[in-house]
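Subject: Structure for you to look at

Dear colleague,

I am handing over the structure below, and after it I set out what was found, beginning with the strands and ending with the enclosed space.

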Amino acid sequence: MKGKTGFSTNTADRLLVDAAQVVLNYGEVTETNLGATRDGTSFNLNRTFREMPFDGMRGPTKGMKRRERIEASIACNLLEMTKANLQLAIAGATDYTPDPEDEDFDYIHGGPVADADYIDNVALVGTLSTGDDVIILIFNALPDGPLDFSTADADELVLPITFIAHFDPAEYDDETGEWEEPWEIRFPVAAS
């Protein structure tokens with residue numbers, strides 16, 4: 001049989017396989033596994049560029065693009081319902097105690113977003129077919145979007161959460177005018 005292919009003896013070792021794990025504050029003392037998810041997890045590096053047009057431009061021209069916006073995100077459908085996970089899904093949510101004598105319920109209440117509400121990092125930890133981890137991180141993350149879920153007979157409630165990375169003003173370089181993008185991918189050296 002004849003035919004062209006990109007397959008090589010290394011292909012089997014270069015596959016990102018199976019489900020991934022979502023970890024809050026990866027590598028920190030407060031590292032926490034977010035919990036079981038359903039229907040996979042995703043990373044979106046939504047980087048937009050602006051074409052800087054000039055008279056006589058015939059099409060895209062090398063050197064004439066600049067970064068305009070970066071909105072990196074990690075999304076998952078969380079299965080595990082805990083007070084902490086519900087609170088995490090609502091930016092600015094806090095504990096609320098209308099009746100201190102009520103020992104049956106913990107209360108969650110909305111509020112303004114404070115600096116402490118930003119999660120240092122959210123990681124998507126996947127596995128290569130070699131068993132090595134590939135780690136995708138977003139920094140200064142907050143959940144984005146409405147809290148929206150529903151129940152159904154013979155099914156489990158799934159809480160969709162999308163974490164959005166945020167630029168940190170402390171990482172702005174006043175001399176160059178550059179911002180450090182709030183994301184990174186850690187790819188194992190052995191697999192590179």
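Two strands are taken to pair if DSSP finds at least two bridges between them, and strands are DSSP runs of E, at least two residues long, numbered from the N terminus. Please keep in mind throughout that this is a predicted model.

With that in place, P143 has F163, in β9, as its bridge partner, and the strands concerned are β8, which covers residues 133-144, and β9, which pair in the antiparallel sense over three bridges. Strand β9, residues 159-164, is also joined to β4, residues 65-78, by six bridges, and these two strands again run antiparallel; within β9, P160 is the residue that stands opposite N77.

The second part concerns the interior, where one cavity of 30 Å³ or more is counted, and the largest cavity holds about 50 Å³ of space. Its lining consists of A89, P143, D144, G145, P146, L147, P160, I161 and T162, and the elements that give two or more residues to this lining are β8 and β9.

Which element gives the most to the lining of the largest cavity? That is β9, with three residues. P143 and P160, which appeared above in the bridge pairs, are both among the lining residues.

As to the chemical character of this lining, six of the residues are nonpolar, two are polar and one is charged.

With best regards

Technical notes:
Residues numbered from 1 in each chain as written. Predicted model: local features only at pLDDT ≥ 70, side-chain atom pairs only at ≥ 80, totals over all residues. Heavy atoms only, no water. Helix = DSSP H or I, 4+ residues; strand = E, 2+ residues; numbered from the N terminus. 1 Å grid on protein atoms, 1.4 Å probe; cavity = no way out; pocket = protein on both sides within 12 Å on 5 of 7 lines; lining within 4 Å. Points joined across faces, edges and corners; volume = space filled by probe spheres on them. Nonpolar A, V, L, I, M, F, W, Y, C, P; charged D, E, K, R; others polar.
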